[in-house]
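I opened my notebook for this one and kept the entries short. Here is what I looked up, in the order that made sense to me.

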Amino acid sequence: MVRLTFYGGINEIGGNKILLEDGERRLFLDFGFPYKKHKLFYEEYLKPRSGAGLLDPLAMGLLPPLEGLYRDDLATPGLWQQFQHAATYRQLDQVNGVLLSHAHLDHSGYISFLKNDIPVFATSVTAFITKAMQDSGKSDFEQQVCFFSPTKQERPTGWKQIAHLTDNTAKQQRQFCLADVNPAELSPEATQFWSRGFWEKTARQKELVSRPLASHRHCSFNLRCFPVDHSIPGACAWGIETSSGWVIYSGDLRRHGKRAELTERFIEQAAELHPRALILEGTGVQRQSNVAEHEVYENGLQAIAKSNSLVIADFSPRDVDRLLTFLQIARDTGRKLAILPKDAYLLKTIRLLEPEIPDIAQESNLVIYQDTIASKSPGIWLRNLYQEYDSKIVLAEDVSSAQDQFILCFSFFDLNELPSIRPQAGSLYVYSSSEPHDEEQEIDFRRLHKWLEHFELKGFGLPIEKNGQWQVPDGEKGLHASGHACGLDLLEIARQIGPQVLIPVHSEHPDFYTEHLSDSGIGVILPTVGGTIEV
Ligand SMILES: [Zn+2]
């Protein structure tokens, strides 16, 4: 009997944490950051206290109370006595690994809390993105997926406060096991990238403390990794051979993106395994149809070709396929696509594994936008990047003096650069992302509209509020291809794979599957938070 216990991703989009147990062998399928639950309690200025380690996320129900699973250095004194009577409390010492589906934080973020000896199984691209994101971002202590600095307890002498945890010790890298590439066959540049930044100064010399990449063959389960198409490169679904048969976990996926053939191959190969169970995402169950990436290109091109002033394109920076769509539009309209340094770093990183990704140095339509106000202590990654692409750097004044020659890849959070750029009235703001999903995002949308008004920019594809509903105006639709399959596609995926049991996750409407698959011969079981399903 195989036991599946669901600690996250139930009636919510993201936060997946699924424990698979087959006798004494155990795996987690993703270990994600629960955005929705987190937002119930926290916001930008009210955060879990990093010095309290595990206490805050456990007490607020963001992490399941599984003693033995988490880093010991994050435990404050007497921590577990507080949770031993919780309904889902359990001692859980032996976990053989986490199968990570992709590098979106709602799937990967809480890996940061796991014991460092639990390996992470992922595609090479996913592993590299987790490092690039951490190298180039200011990740909170609760989102340190690739590496972290172990904490130690410190108590101010003569104070009555409880000891707090500080993390000024050397960084430790997690063990990543690659499912698609033999680490020995990676290029020297790729291997170098993985170990960069992990030096420790000893009395005599600097010592490399990076943990080399391993292969997924060390797993106690027979695994299959199926690359799929999603709004971030490197996404995969997993197959796990258990004593009850194959269990398939979809991660997040779609059939209408640039890499759709990957998803089709996954469906075929998963069906051949005649799986016992399919754990399938359901983000987009209520969407009736899809916008394809080539439509984003056509609609974007049409709007941008008509503009003779500055164009700002707003899309998710880790959606590399979207970035390439706008690069093509830049080529076709004779403009330069100006991307932010962290996006350039991501592109350069993925190119180490996927040589078909454009080389920034060679690509004449691609430049890097440098923030106007110098940062106090730029990271090594940033200094190296500016050095390597010196001739590719553009500043606010370069953009300002030739506005009709650029497409700037900015999101809402980069708008504070506009006072330096001084866009001409009538400049175009092309919105190529999803509509607001909650109150906090609605507030940001109202702010975004104010910025546009203030600088007299023209929005295109930007949702507008009408009678409490946010909608993209007619004639401006089709500028965003979702990372998730629509309802009809998901039903077809379920039918084509044909598992005995289907378990929906990552969805606000899991009963969609119960309603629509009743005649399919597939048994749909809805999981509950902390509940176990035996297959
Ligand atoms: Zn995702």
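My entries below cover a pocket, one helix and the cysteines of this predicted model.

**Entry: the pocket.** I looked up the second largest pocket and noted a volume of about 360 Å³. Which residues come closest to its centre? Of the 24 that line this pocket, they are Gly234, Arg259, Leu262, Glu354 and Glu356. I then checked which elements give two or more residues to the lining, and found helix 4 (124–136), helix 6 (260–272) and helix 8 (320–333). Sorting the lining by type gave me 12 nonpolar, four polar and eight charged residues.

**Entry: helix 6.** Since helix 6 helps to line that pocket, I turned to it next. Helix 6 has 13 residues and runs 19 Å from first C-alpha to last, close to the 18 Å expected at 1.5 Å a residue. Which of its residues are buried? I listed Ala260, Leu262, Thr263, Phe266, Ile267, Ala270 and Ala271. These lie on the same side of helix 6, because they cover an arc of only 165° around the axis. On the face turned away from that buried side I found Glu268 and Glu272, both exposed. Leu262 appears twice in my notes: it is buried in helix 6, and it is among the residues closest to the pocket centre.

**Entry: cysteines.** How many disulfides does a search of the whole structure find? My search gave zero. I also looked up two cysteines. Cys409 has 6% relative accessibility, so I logged it as buried. Cys486, at 3% relative accessible area, is buried too.

Notes: Residues are numbered from 1 along each chain as its sequence is written. This is a predicted model: local features need pLDDT of at least 70, side-chain atom pairs count only at pLDDT 80 or more; totals for chains, interfaces and linings use all residues. Side-chain values use heavy atoms; hydrogens and water are left out. On a 1 Å grid over the protein atoms alone, a cavity is a set of points where a 1.4 Å probe fits but cannot get out, and a pocket is an open set with protein on both sides within 12 Å along at least five of seven lines; lining residues have an atom within 4 Å of a point. Grid points are joined across faces, edges and corners, and a volume is the space filled by probe spheres set on the points. Helices (H or I, at least four residues) and strands (E, at least two) are DSSP runs, numbered from the N terminus. Ala, Val, Leu, Ile, Met, Phe, Trp, Tyr, Cys and Pro count as nonpolar, Asp, Glu, Lys and Arg as charged, and the others, Gly among them, as polar. A disulfide is a pair of cysteine sulfur atoms within 2.5 Å. Buried means under 20% relative accessible area, exposed over 50%, partly exposed in between (1.4 Å probe, protein chains only). The expected span of a helix is 1.5 Å times one less than its number of residues. The arc is that of the directions from the helix axis to the C-beta atoms.
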